[in-house]
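Trainee: I have a model open and want to learn how to read it. Where do we start?

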Amino acid sequence: MLYPIFDYLDSVMDIPGTGVFRYISFRAGMAALLSLIITVTFGKNIIDWIRSMQIGETVRDLGLAGQQEKKGTPTMGGLMIMAGIIIPTLLFANVNNIYIILLLITTVWLGTIGFVDDYIKVFRKNKDGLAGRFKIVGQITIGVIVGATLYFHEGVVVREFTNPVSIEEGVVETPAYRDVKVAKTTIPFMKNNELNYESFLGFLGESATPVLYILLVTFIITAVSNGANITDGIDGLAAGSSAIIGLTIAIFAYISGNAIFSQYLNVFFIPNSGELVIFCAAFVGACVGFLWYNAYPAQVFMGDTGSLMLGGVIAVLSLTLRKELLIPILCGVFLIELLSVITQVSYFKYTKKKYGEGRRVFLMSPLHHHYQKKNIHESKIVVRFWIMGILLAIITLATLKLR
């Protein structure tokens, strides 16, 4: 909301100093700072309010060390993260940007689904929360909205230059270009790292391509959202992992929005995608600020209000930057956690059907509970998962400059 005001003050009234608002780096820094202030400074007040509403975590006895001590810890802390993302984005980003609009809708949409789930668990004392089919319907709906927008919206384009962008005597020389409406994405670790969905799926017919693309987008959003939800099982794991992923995506967003860097590093130049840096800065600031209270021993849990939203936002950010095929690497922690649950459940059902008794691959799933069962302290588990997340982020960034 401040962006058009300062743009007017600079371009029309020519007030000195107001032009600084044009710089993405300045607005991103302010967004991150404000996000930290909201989550850290006002976090205690929010936690006290949640506690006064008796919004406490109900804990099932799974036989894990220190588990029962968590009973009654305030939950729905995802509201803190949502505030830390939405308020700075509205203030410092260009809210007319189609990518920012999509991400704000995703944040509110999935946050609301998670909030309803937490509300049912806490206030109606139903440990199952919102029925799984309603969650899936909500995730599919936002997937269809995002997929259809990315495929059909005229503002979602890739800019192709006839010659490389160059700098001569401090002046950027931009050659002729054309904005192409094309469904392309990045294939990691390949020399020609582009995949055109329309060419790849063209044999199915023109009408089938958008349908399949939207289905793919829906699957990605649902998978990453649920992966983050499953990862949120011990103090600080989901928030810290999300902050690492968000920072990595911010780097991609900055490069994709810069004509020179995008060409030099062989990344799609996506007009107006630079605004996503502001959103990512708020996202990382909110996750780090939330960790102030969520690190072991946690004073608040994010609940599904936060975890479903974090995963969905990460998925949409990756899709808008055409990096969705990097998700298995970048979100490897989420993927491993999700696969551990799928493997455990599938193997248990298979062995029960074949041998009459269910057998397990892990001591407990998700994977972080397996290590807890091996008597490894949860803070050590979290730090090791963070280290894994950092290594995966470095591997993801290594896909840059592969010509």
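Mentor: Start with burial. A residue is called buried when its relative accessible area is under 20%, and exposed when it is over 50%. Keep in mind that this is a predicted model.

Trainee: Is Ser262 buried or exposed?

Mentor: Ser262 has 1% relative accessibility, so it counts as buried.

Trainee: Where does Ser262 sit in the fold?

Mentor: Ser262 belongs to helix H10, which covers residues 259–264.

Trainee: What does the side chain of Ser262 reach?

Mentor: Look for a polar partner. Here the Ser262 side chain comes to 3.1 Å from the backbone oxygen of Ala259.

Trainee: Which residues touch Ser262, leaving aside neighbours within four places in sequence?

Mentor: Contact means heavy atoms within 4.5 Å. On that basis Ser262 meets Ile255 and Ser256, and also Val267, Phe268 and Phe269.

Trainee: Now the whole chain. What share of its residues is buried?

Mentor: Of the 403 residues in the protein chain, 51% are buried. The chain exposes about 18,900 Å², with 63% of that from carbon and sulfur atoms.

Trainee: Why does the radius of gyration agree with a compact globule?

Mentor: Compare the value with the expected one. A compact globule of 403 residues would have a radius near 22 Å; the protein chain has 22 Å, so the two agree.

Trainee: How many helices and strands are there?

Mentor: The protein chain has 16 helices and six strands. Among contacts with a separation of 6 or more, 72% join residues 24 or more positions apart.

Trainee: And the charges?

Mentor: Count 32 positive and 27 negative side chains. The centres of the two sets are 12 Å apart.

Notes
Residues numbered from 1 in each chain as written. Predicted model: local features only at pLDDT ≥ 70, side-chain atom pairs only at ≥ 80, totals over all residues. Heavy atoms only, no water. Helix = DSSP H or I, 4+ residues; strand = E, 2+ residues; numbered from the N terminus. Rg over C-alpha atoms; globule rule 2.2 N^0.38 Å. Buried < 20%, exposed > 50% of the residue type's maximum accessible area, 1.4 Å probe, protein only. Areas by Shrake-Rupley, 256 points an atom, 1.4 Å probe, with all protein chains shown as cover. Lys, Arg positive; Asp, Glu negative; His and termini not counted. Charge placed at Lys NZ, Arg CZ, Asp CG, Glu CD. Polar contact = N/O pair within 3.5 Å; in protein donor to acceptor, adjacent residues only side chain to side chain.
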